[in-house]
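Trainee: Let's go through this model in short questions. Could you give the cut-offs as we go?

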Amino acid sequence: MLEGALAAAQELRGEEAGAARGGAGLARSLTIKIVSAIVTLFFVLVFNFFLFRVLPADPARNLARGTALTASQMAAVNRTYGLGLPLPQQFWNYLVQTLHWNLGISFEYHIGVSRVIGSALWPTILLVGSSTVFSTIIGVWTGIRGGWHRGSRFDKTSTAINNTLYAMPDFWLGMVLLIVFASKWFIFPEGGMHSFGGGGTGLAGLNDLLWHLTLPCIVLTLVYLAEYSLVMRSSLIDEIGSDYLLTARAKGLRDAMVRRRHAVPNALLPSITLIMLNLGFVISGAITTETVFSWPGLGLLSYNALNFPDYPVLEGAFLLFSAAVIAANLIADLLLTVLDPRVRQA
């Protein structure tokens, strides 16, 4: 009896030591990923600063737009936008102002870049966020059904459609839908976020917004769902032949139960990474789609700023896009570290 008690105590101590090592490994892995994200963000800050200061164009002459300026007037413009200072001082001011979310003054709009970006942020979140939700639900569902019934008529049809959509440029698809449903059949508007003169308030305004949102949302949903479906299908096919699924079937579990409880949760891990990364791109928007449909989001703002050129807006937008992708990548890494023990061990 005494030997049995000692063995049980040793086993308990071993389990506690293993749990402690597992917790320490998880904490170490999470710390490394967070520190890596911070270092990457700092590199983006430095790169962002120097990228827009090695361009050959003269911001003062761009602001003048063909107007002849004297040397003193050019110097005054440079002082106003902080361009006449030594480069190290410009870099220090840039870091301090960025930490306070002061991204400078727009060359085109002559107001703070933060206000310009803030006004375009909501339309982009509405458009790309809604399309991401729809494409995730439809794409993951079709990937699960096609991968579990590999070689079926549904699998062959959905895979062919997804391959076609995946290879299709979103701007081309947008122009086709505009020609068919806006220019020929006049079902949907040709662009913008609201009708001319507004669109009303209350329910009328909401209906007008959804009417303008439909076509660009369809375009992005079709393009994104193909990627989700193909990744989910491939991941599920890799899991089908695993030993743990054979064991689950040997225990007498139904096929639907094996798929729902065992196969799909493990196959979802690559899709979770892809979904989180694409959520990071929600902030950046879809430049080509927003430009085709004249949707007043960050994508169209970046396109117009590039044509002006409005360097402060481009600088602020690039920083925001990069930070969103880094944050989404960090969240995906943290989720995988918590959900998958194999990631912690690696």
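Trainee: Is Leu225 buried or exposed?
Mentor: This is a predicted model, where local features need pLDDT of at least 70, side-chain atom pairs count only at pLDDT 80 or more, and totals for chains, interfaces and linings use all residues. Residues are numbered from 1 along each chain as its sequence is written, and side-chain values use heavy atoms, without hydrogens and water. Buried means under 20% relative accessible area, exposed over 50%, partly exposed in between (1.4 Å probe, protein chains only). Leu225 has a relative accessible area of 8%, so Leu225 is buried.

Trainee: In which helix is Leu225 found, and how far apart are the C-alpha atoms of Leu225 and Asn162?
Mentor: Leu225 belongs to helix H8. Asn162 is 63 residues away from Leu225 along the chain. Their C-alpha atoms are nevertheless separated by 7.7 Å.

Trainee: Where is the place of Leu213?
Mentor: Leu213 counts as buried, at 8% relative accessibility. Ser131 is 82 residues from Leu213 in sequence, and 10.0 Å away in space, C-alpha to C-alpha. The place of Leu213 is in residues 202-240, helix H8.

Trainee: How many helices and strands does the protein chain have?
Mentor: Helices (H or I, at least four residues) and strands (E, at least two) are DSSP runs, numbered from the N terminus. Read along the sequence, the pattern is α throughout. The count is 14 helices and zero strands.

Trainee: What share of the 346 residues in the protein chain is buried?
Mentor: The chain total covers all residues. Of the 346 residues, the buried share is 39%.

Trainee: How far does helix H5 reach from its first C-alpha to its last?
Mentor: H5 covers residues 113-148, 36 residues in all. The expected span is 1.5 Å times one less than the number of residues, which gives 52 Å here. The reach is close to that, at 49 Å.

Trainee: Where does H5 bend?
Mentor: The bend at a residue is the angle between axes fitted to the seven residues ending there and the seven starting there. For H5 the bend is about 30 degrees. A proline, Pro123, follows within four residues of the bend site, Leu121.

Trainee: Which residues have the most contacts inside the largest nonpolar core?
Mentor: A nonpolar core is a set of buried Ala, Val, Leu, Ile, Met, Phe, Trp, Tyr and Cys residues joined through side-chain atoms within 4.5 Å. The largest one has 28 residues. Those with the most contacts are Ile117, Leu298 and Leu301.

Trainee: Which element gives the largest share of this core?
Mentor: Two or more residues come from each of helix H1 (2-51), helix H4 (87-99), H5, helix H12 (298-307) and helix H13 (311-339). A second, separate core of 14 residues includes Leu126, Val128, Met193 and Ala286. In the largest core, the largest share is ten residues, from H13.

Trainee: What is the volume of the second largest pocket?
Mentor: On a 1 Å grid over the protein atoms alone, a pocket is an open set of points where a 1.4 Å probe fits, with protein on both sides within 12 Å along at least five of seven lines; lining residues have an atom within 4 Å of a point. Grid points are joined across faces, edges and corners, and a volume is the space filled by probe spheres set on the points. For the second largest pocket this is about 180 Å³.

Trainee: Which helix gives the most to the lining of the second largest pocket?
Mentor: The lining includes Ile38, Phe42, Trp101 and Ala323. H1, H4 and H13 each supply at least two residues. Four residues come from the top contributor, H1.

Trainee: Is Ala323 buried, partly exposed or exposed?
Mentor: Ala323 is found in helix H13. The C-alpha atoms of Ala323 and Val44, 279 residues apart along the chain, are separated by 8.3 Å. With a relative accessible area of 28%, Ala323 is partly exposed.

Trainee: What is phi of Trp101?
Mentor: Trp101 lies in the loop between H4 and H5. Its phi is positive, in a residue other than glycine, and near 55 degrees.
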